[in-house]
Amino acid sequence: MSLINLFLILIAVTYPLAKGAVNISGSRDGRLGATHESGAKAIAFLIFLILAISFGFRGIVAEVNDEYVYRNRVLRMVGKELSVVLPDSSEYIDTIACWIVSRLFPGESQWLLVYYSTVTFALLIIFIYKYCDNFELGILLIFLLNIANVSMNTMQQMEAVAISTLGIPYVYKRNFVKYAIVIAAATLVHNSAIILIAVYFIANMKPWSPKFLGVAFSFVIIMVIFNTVAPNLFSRMEIFEEYDDTFGNGVKIITVIVAFIPVIFAFFMRSHFPKDDTELNYAINMSLVYAMIYLVATQNKYVARFGMFIQPYLIVLYTKALTHLKKENLSTVFKFMLITGYGATMIYFVQGIRYTFVWLF
């Protein structure tokens, strides 16, 4: 099976939603919700099963060595006590999860993929279900924004991304303490999640204001410094020893161009958006940060991984934009351009990737 085929399956599942054959829109701008809550939850759960099974029971397809690293990590834990393996990493939640997998299924690392896929897609779907306008578009954006493809390799980090979405409502409510608790949990899954502490303060600024632009470009400078010192620093701290190819050449130019699409879209469509939609404003701010991360990532691929934590905000951006553009009869054109444009880039990024199911029952 290819990612394209799986994407087409999801379109078939969500198409009745888009055409109104299944009326499950709720009271919050077309989000799934109160009107037919049982039907909404049933479809959301069906989509979760499709994604969790497809990505959990698959063979290794990674072009980089992340999957091998995760699986070997579990295999090395077989027969060891938790007190022995826990001090080896500061990512305690992930270490405990891997240790449990090694105890429940000794010698069989496939179940680690099942664990990562189940947690990751469950949390992402909950986030889209509860906080994103237009559920079916949000689900498709998991593929269109290349989240599904990237999650194959960076499973541990994508789980941290999914956990971090639980903190986005606290950004909206400006509750830093609860937000910090969620990010702390995500950091214990993957240390790179610590960068999201800065997101709380950047998101709350006024889009396109001089203050925000200044902070955004300061963020770029920080990322450049990180890119410069990180390889030697991590080497001295013996971090990422498992990864031989983490640092090296930067991302492709086409990747950077695609990363700039959300912020360019937000800028040119700003006259169509209300200025008092705080959730949309947060997402617009994050779209600029996302573009800046990939600009720096031209020098180092690892920096691009920080962009993964911003992608949930892009789903908010596009689904919220659809809600506002509906009022001006621009939603059909927007969806066509979004799906065809991002669909073409998705085909480019996943071409040649195939995976087979690995059944363990």
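A residue counts as buried when its relative accessible area is under 20%. Keep that cut-off handy for this tour of a predicted model.

**Whole chain**

Start with everything shown as cartoon. You'll see 18 helices and 0 strands. Of the 361 residues, 54% are buried. Switch on the surface next: the chain exposes about 16,200 Å², with carbon and sulfur atoms supplying 64% of that area. Among contacts between residues at least 6 apart in sequence, 76% join residues at least 24 apart.

**Stop one: N281**

Now select residues 278-296, which make up helix α15, and pick out N281 within that helix. Is N281 buried or exposed? Its relative accessible area is 13%, so N281 is buried. Show the side chains around N281 and look for P207, P274 and K275: N281 touches these three, leaving aside residues up to four places away in sequence.

**Stop two: α14 against α18**

Hide the rest and select residues 253-268 (helix α14) together with residues 331-350 (helix α18). The two pack at an angle of about 165°, and their axes lie 11 Å apart. With that angle, α14 and α18 are therefore roughly antiparallel. Their crossing is left-handed.

Which residues meet here? Turn on sticks for I254, T255, V258, I261, P262 and F265 on the α14 side, then F334, Y342, T345, Y348 and F349 on the α18 side. Colour that set by residue class and you get 9 nonpolar, 2 polar and no charged residues in the contact of α14 with α18.

Methods:
Residues are numbered from 1 along each chain as its sequence is written. This is a predicted model: local features need pLDDT of at least 70, side-chain atom pairs count only at pLDDT 80 or more; totals for chains, interfaces and linings use all residues. Side-chain values use heavy atoms; hydrogens and water are left out. Helices (H or I, at least four residues) and strands (E, at least two) are DSSP runs, numbered from the N terminus. Buried means under 20% relative accessible area, exposed over 50%, partly exposed in between (1.4 Å probe, protein chains only). Contact means heavy atoms within 4.5 Å. Axes are lines fitted to C-alpha atoms, for helices over the stretch in contact, and angles run from 0 to 180 degrees between N-to-C directions. Angles under 35 degrees count as roughly parallel, over 145 as roughly antiparallel, 65 to 115 as roughly perpendicular and the rest as oblique. A crossing is left-handed if the near helix is turned anticlockwise from the far one by less than a right angle, and right-handed if clockwise. Ala, Val, Leu, Ile, Met, Phe, Trp, Tyr, Cys and Pro count as nonpolar, Asp, Glu, Lys and Arg as charged, and the others, Gly among them, as polar. Accessible areas come from the Shrake-Rupley method with a 1.4 Å probe; for residues, only the protein chains shown count as cover.
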